[in-house]
Amino acid sequence: MNYKGTMLILFSSVFLIAGCTDEAVTTEQKKVEVKTTTHTNQTKHPILNPVQYEKLFKHMNEHLKMDQFQLKDSTIGADFTAVDQSLSFEKRRWLTVDGTIDTPSTQETLYFENQKQDTQLAIHFAYTDRYIGNDLVQYQSNGSYGELLIISYKNILISVQQNSLNKVDPDTTQEAAKQVIQELKNVPV
């Protein structure tokens, strides 16, 4: 083989190796690593049991006060809600602790109304069997006639819903939520 032929093979090999190396680097850079993360509670958080949840609601029914609003009604007492089982991911037929009619309800509500009877505050309590933490979960306002604020407390979801015949006042919804949070600190459970 002559010198030119050897050089041609050498250069071709270098370009071929360099091309393969660049392709390998490019392919490696394009790969996306997918990781699955599983969240577990690092520490055990205390949750309310169904009896404590009932005590919490009874306390709220008796002690929760809203400025310029009066408690008009509540769901205190025996009540059960039947649901289409597919809405609970096939878990239960009744909105009760274990999904049967034999256990306490997992939802309760307090209804407050202002003196003019044109604005209502509904404070909804929903029991879950899992710790969710203490946090503001959602704050939704359509700017007109309704507003919704959802907070979590241990394993309870609490929504503060304002409905009005007139335009809603965001300060009213926020103050109501603050009153709920303040009263939660006084619940003897």
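**Helix packing, loops and pockets in a predicted model**

Setting aside neighbours up to four places away in sequence, His59 makes contact with Leu64, Glu183, Asn186, Val187 and Pro188. The model examined here is predicted, and His59 offers a handy way into it. This histidine belongs to helix 2. Its relative accessible area is 10%, and because the cut-off for burial is under 20%, His59 counts as buried.

A step back to the whole chain helps to place this residue. The secondary structure consists of three helices and six strands, arranged along the sequence in the pattern α-α-β-β-β-β-β-β-α. The chain has 189 residues, of which 30% are buried. Among contacts with a sequence separation of 6 or more, 53% join residues 24 or more positions apart.

Helix 2 comprises 14 residues, and the distance from its first C-alpha to its last is 20 Å, close to the 20 Å expected at 1.5 Å a residue. Besides His59, the buried residues of helix 2 include Tyr53, Leu56, Phe57, Met60 and Asn61. The cover over these buried positions includes strand 1, strand 2 (107-114), strand 3, strand 5, strand 6 and helix 3.

Helix 3 can be read in a similar way. What span should its 15 residues, 170-184, have? At 1.5 Å a residue the expected value is 21 Å, and the end C-alpha atoms are indeed 21 Å apart, so the two agree. The buried set in helix 3 is made up of Thr173, Ala176, Ala177, Val180, Glu183 and Leu184. These residues lie on the same side of helix 3, because the arc they cover around the axis is only 125°. The general background is familiar: an α-helix has 3.6 residues a turn, so residues three or four places apart point the same way. The partners against which the buried residues of helix 3 pack are helix 2 (50-63), strand 3 (119-127), strand 5 (146-153) and strand 6 (156-164). Glu183, one of the buried residues of helix 3, is also among the contacts of His59.

Attention now turns to the strands and the loops beside them. Gln70 sits in strand 1, which runs over residues 69-74. Is Gln70 buried, partly exposed or exposed? Its relative accessibility is 38%, so Gln70 counts as partly exposed. Beyond four places in sequence, Gln70 has contacts with Tyr111, Phe112, Glu113, Asn114 and Gln115. The C-alpha atoms of Gln70 and Gln120 are 9.6 Å apart, with the two positions 50 residues apart in sequence numbering.

Gln68 lies in the loop between helix 2 and strand 1. Although Gln68 is not a glycine, its phi is positive, at about 65°. With a relative accessibility of 69%, Gln68 is exposed. Glu90 also has a positive phi of about 65° without being a glycine, and its place is the loop between strand 1 and strand 2. The relative accessibility of Glu90 is 51%; the cut-off for exposed is over 50%, so Glu90 counts as exposed.

Val83 is found in the loop between strand 1 and strand 2, yet Val83 is buried, with 15% relative accessible area. Leaving out residues up to four places away in sequence, Val83 touches Arg92, Arg93 and Leu95. For Val83 and Leu95, which are twelve residues apart along the chain, the C-alpha separation is 7.1 Å.

Pockets complete the survey. The largest pocket holds about 320 Å³ of space. Its lining numbers 19 residues, with Asp67, Gln68, Phe69, Asp169 and Thr172 nearest the centre. Gln68, described above for its positive phi, is thus met again at this site. Which elements supply at least two residues each to the lining of the largest pocket? They are strand 3, strand 6 and helix 3, and helix 3 gives the largest share, five residues. By class, this lining contains five nonpolar, nine polar and five charged residues.

The volume of the second largest pocket is about 240 Å³. Around the second largest pocket are Leu87, Ser88, Phe89, Lys91, Arg92, Val97, Asp98, Gly99, Thr106, Tyr127, Thr128 and Asp129. These divide into four nonpolar, four polar and four charged residues. Arg92, part of the lining of the second largest pocket, is also one of the residues that Val83 touches.

Conventions. Residues are numbered from 1 along each chain as its sequence is written. This is a predicted model: local features need pLDDT of at least 70, side-chain atom pairs count only at pLDDT 80 or more; totals for chains, interfaces and linings use all residues. Side-chain values use heavy atoms; hydrogens and water are left out. Helices (H or I, at least four residues) and strands (E, at least two) are DSSP runs, numbered from the N terminus. The expected span of a helix is 1.5 Å times one less than its number of residues. Buried means under 20% relative accessible area, exposed over 50%, partly exposed in between (1.4 Å probe, protein chains only). The arc is that of the directions from the helix axis to the C-beta atoms. Contact means heavy atoms within 4.5 Å. On a 1 Å grid over the protein atoms alone, a cavity is a set of points where a 1.4 Å probe fits but cannot get out, and a pocket is an open set with protein on both sides within 12 Å along at least five of seven lines; lining residues have an atom within 4 Å of a point. Grid points are joined across faces, edges and corners, and a volume is the space filled by probe spheres set on the points. Ala, Val, Leu, Ile, Met, Phe, Trp, Tyr, Cys and Pro count as nonpolar, Asp, Glu, Lys and Arg as charged, and the others, Gly among them, as polar.
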